[in-house]
Amino acid sequence: MANKLLEVKNLKQYFGSSNNPIKAVDGISFDVYEGETLGLVGESGCGKSTTGRSIIRLYDITDGEILFKGQNIHAGKSRKELKQFNREMQMIFQDPYASLNPRMTAGEIIAEGFDIHGLYKNKQERRERIGELLEAVGLNREHANRYAHEFSGGQRQRIGIARALSLDPSFIIADEPISALDVSIQAQVVNLLKKLQKERNLTYLFIAHDLSMVKYISDRIAVMYRGKIVELGTSDEIYNHPIHPYTKSLLSAVPLPDPLTERKRQRIPYVHEDATEQMKVYEVLPNHFVYGSESQIKKWTK
Ligand SMILES: Nc1ncnc2c1ncn2[C@@H]1O[C@H](COP(=O)(O)OP(=O)(O)O)[C@@H](O)[C@H]1O
Ligand SMILES: [Mg+2]
């Protein structure tokens, strides 16, 4: 078994007033192993981005622990250690229009990180590194001097990926990196991410709001609903033996390639049942976890 790169333990992230908090993330636990892709899937508003942002320390978390390479990332770290975390963990954002400054050139955007960290002393080295990164994401060196607004959505996302790679991270959180792109471009970007993962030994947390594309990139998938992870297992398990009714509902919404079967298929609605008994995470099969009460789990696994 590979090493754990990231360990999230009972993470809570609440917003708003303490007497009526928005429980964006409400006690989730998962590990991410070195070299794998963990998909994090759930409908809009369930807490996926908040999870990602908590991991890259954009928030002081409400409760829980996040360990990166065995070290607690929120507990009293020196500036130097924090700088190191910032290099090792990067994020790719959903909207390549909003996340790139249109008045900066591709080269300036990509170089921002290494300028801040003072990685390259001379201009030539810096230019060479920008060129390498552009080529790594399937763009040309000549693109360095073009402004972000001159690129298409897919090309912008490639610039966002090059920016994320600029400090040679080990872990990348891709927050719905293809949701804003044309369907025809989505597979290209997923393939690029897969290729880069192999070449650079990257570990991904890949966030998506449905189960249609995550299958192609994820080794394991965590399904999130209202701030909780309701099911977690290998991609095969999640696709072939889903247990939680919410996962089943999400799966029934994945379009099928054959239009005839697709037309006949029924979407399974999800009806949420709050259990009156205690709810917790059960390991229903080896490495396949489901959140619920004892009687719910019994019913769902019958
Ligand atoms: N900074 C914030 N302040 C207050 N509420 C927030 C903040 N960020 C997210 N939320 C709320 O937390 C919940 C989860 O949001 P988010 O993590 O963005 O969901 P997702 O990425 O799954 O769509 C939503 O109800 C959202 O409105
Ligand atoms: Mg989001």
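Which residue in β4 is the bridge partner of K9? In this predicted model, that partner is E65, and the close-ups below start from this pair.

**View 1. K9 and E65 on the neighbouring strands β1 and β4.** Here K9 faces its bridge partner E65 in β4. The two strands, β1 (residues 4–15) and β4 (residues 63–68), run antiparallel and are joined by five bridges. If you are new to sheets, it helps to recall that strands pair through backbone hydrogen bonds, in either a parallel or an antiparallel way.

**View 2. The hairpin of β1 and β2.** On to the pairing of β1 with β2, which is antiparallel and extends over nine bridges. One place to look is K12, which stands opposite D26 in β2. Six residues lie between the two strands of this hairpin. In the turn you will find G16, with a positive phi of about 80 degrees.

**View 3. The four-stranded sheet and helix α1.** Stepping back a little, we meet an open sheet with the strand order β2-β1-β4-β5 and antiparallel pairing. Its edges are β2 and β5 (71–72), each of which pairs on one side only. Helix α1 packs on this sheet, where it touches β1, β2 and β4. The direction of α1 makes about 120 degrees with that of β1.

**View 4. The surroundings of ligand 1.** Let us turn to the residues around ligand 1: F15, I22, A24, E43, S44, G45, C46, G47, K48, S49, T50 and Y59. By character, this shell divides into five nonpolar, five polar and two charged residues. The elements that contribute two or more residues are β2 (22–33) and α1 (48–55), and the largest share, three residues, comes from α1.

**View 5. Polar contacts of ligand 1.** Zooming in on individual atoms, a polar backbone atom of G45 is 2.6 Å from an oxygen atom of the ligand. G47 also takes part through its backbone, with a polar atom 3.0 Å from an oxygen atom of ligand 1. From K48 it is a polar side-chain atom that lies 2.8 Å from a ligand oxygen. On its own, ligand 1 has 560 Å² of accessible area, and the protein covers 64% of it.

**View 6. The eight-stranded sheet.** This open sheet has mixed pairing and the order β6-β7-β8-β3-β9-β10-β12-β11. Its edge strands, β6 (89–92) and β11 (279–285), each pair on one side only. On average, neighbouring strands are turned by 20 degrees against each other, direction ignored.

**View 7. The pair β11 and β12, with helix α11.** At this end of the sheet, β11 and β12 (residues 288–293) run antiparallel and are joined by six bridges. Within the pair, K280 stands opposite G292 in β12. Helix α11 (residues 294–301) packs on the sheet and touches both β11 and β12. Its direction makes about 125 degrees with that of β12.

**View 8. Helix α6 across the eight-stranded sheet.** To finish, follow α6 (residues 183–200), which lies across β3 (37–41), β6 and β8 (203–208). The helix runs at about 160 degrees to β8.

Note on methods:
Residues are numbered from 1 along each chain as its sequence is written. Chains are lettered from A and ligands numbered from 1 in the order in which they are written. This is a predicted model: local features need pLDDT of at least 70, side-chain atom pairs count only at pLDDT 80 or more; totals for chains, interfaces and linings use all residues. Side-chain values use heavy atoms; hydrogens and water are left out. A residue is near a molecule or strand if one of its heavy atoms lies within 4 Å of it. A polar contact is a pair of N or O atoms within 3.5 Å; within protein, one must be able to donate a hydrogen and the other to accept it, and residues adjacent in sequence count only if both atoms are side-chain atoms. Accessible areas come from the Shrake-Rupley method with a 1.4 Å probe; for residues, only the protein chains shown count as cover. Ala, Val, Leu, Ile, Met, Phe, Trp, Tyr, Cys and Pro count as nonpolar, Asp, Glu, Lys and Arg as charged, and the others, Gly among them, as polar. Two strands pair if DSSP finds at least two bridges between them. Contact means heavy atoms within 4.5 Å. Axes are lines fitted to C-alpha atoms, for helices over the stretch in contact, and angles run from 0 to 180 degrees between N-to-C directions.
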